[in-house]
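Student: I'd like a close look at a single part of this protein, with its surroundings explained along the way. Could you walk me through one loop and what lies around it?

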Amino acid sequence: MLIYIVRHGDAGMATGAIPDSERKLTSKGELQAQRIGIALGVMDEVPEMVFTSPLARAFQTAAIVVSALAIKTCEPKIYSLNCLSLGASVGDVFREMPGGGVRSLMMVGNNPILGPLVGILVGGLHGSPIDLANGSIVCLETYGSPRPGAARLNYLLGEKAVAVIARSV
């Protein structure tokens, strides 16, 4: 199974008027998300399913990425998962992550859950968290159901690398 992990694009600052969960992407964040979708399309890597945190900025990122993939057959459906929200644990993600039969999936969210998830998938229960920057993507590969230490890192692309790939079309 291929697992694409995407950190949401750049978002506006939290203010007293806007709760953290409702912060939307800035124009830079929208561009980052669009470039991720284009880059994945260029690499011919399209997830079957997309799971996102219920945070507005994560859902918005997922929708823009899927739209930018420019798939001619069908777009992957986007599912909101509470296990990707603030305050959730990596254990929550493992309990809700689909297993057999799924060839590829994408998870979009924020660093407090995604960084440790990547570390545990690759390095096992004591794997170090990966600090993912906004607008970055990680591709992991695992055989069978995802479990701690069973994934291999295929690539980690930061914002600049994603932009270079996206501009190649």
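Tutor: Happy to. Setting aside neighbours within four places in sequence, S85 touches S53 and P54. This is a predicted model, so please read every value here as computed from it. S85 sits in the loop that joins β3 to α3. Is S85 buried or exposed? Its relative accessible area is 17%, and because the cut-off for buried is under 20%, S85 counts as buried.

The same loop, between β3 (77-80) and α3 (90-96), also holds L84. With a relative accessible area of 0%, L84 is buried. Which residues does L84 meet beyond its neighbours within four places in sequence? The list consists of F51, T52, S53, V93, M107, V108, N110, I113 and L114. S53 is therefore a partner of L84 as well as of S85, given that contact means heavy atoms within 4.5 Å. Another residue to look at from here is P112: it is 28 residues away from L84 along the chain, and their C-alpha atoms are separated by 9.3 Å.

Two of the partners of L84, I113 and L114, lead us to helix α4, which covers residues 111-123. At 1.5 Å a residue, the 13 residues of α4 should span 18 Å, and the end C-alpha atoms are 17 Å apart, which agrees. Both I113 and L114 are among the buried residues of α4, together with N111, G115, L117, V118, G119, I120 and L121. What covers them includes β1 (2-7), α3, β4 (104-109), β5 (137-142) and β6 (151-157). Just after α4, G124 adopts a positive phi of about 90°.

On the S53 and P54 side, the next helix to visit is α2, residues 56-68. Its 13 residues reach 18 Å from the first C-alpha to the last, close to the 18 Å expected at 1.5 Å a residue. Buried in α2 are A56, R57, A58, Q60, T61, A62, V65, V66 and A68. These buried residues pack against β1, α1 (27-42), β2 (49-52), β3 and β4. β1 and β4 thus appear in the packing of α2, and they also help to cover α4.

For a contrast with our loop, try the one between α1 and β2, where D44 is found. D44 is exposed, with a relative accessible area of 68%. Its phi is near 55°, a positive value in a residue other than glycine.

Now let's step back to the whole chain. The protein has 5 helices and 6 strands, and from the N terminus on they run β-α-β-α-β-α-β-α-β-β-α. The radius of gyration is 15 Å, close to the 15 Å that the globule rule gives for 169 residues, so the protein is as compact as a globular protein of that length. Its C-alpha atoms fill a box of roughly 40 × 40 × 25 Å along the principal axes. Of the 169 residues, 48% are buried. Among contacts between residues at least 6 apart in sequence, 71% join residues at least 24 apart. As for the outside, the accessible surface comes to about 8000 Å², with 56% of it belonging to carbon and sulfur atoms. There are 14 positive and 13 negative side chains, and the centres of these two sets lie 3 Å apart.

Definitions and conventions. Residues numbered from 1 in each chain as written. Predicted model: local features only at pLDDT ≥ 70, side-chain atom pairs only at ≥ 80, totals over all residues. Heavy atoms only, no water. Helix = DSSP H or I, 4+ residues; strand = E, 2+ residues; numbered from the N terminus. Rg over C-alpha atoms; globule rule 2.2 N^0.38 Å. Buried < 20%, exposed > 50% of the residue type's maximum accessible area, 1.4 Å probe, protein only. Areas by Shrake-Rupley, 256 points an atom, 1.4 Å probe, with all protein chains shown as cover. Lys, Arg positive; Asp, Glu negative; His and termini not counted. Charge placed at Lys NZ, Arg CZ, Asp CG, Glu CD. Expected span 1.5 Å × (residues − 1).
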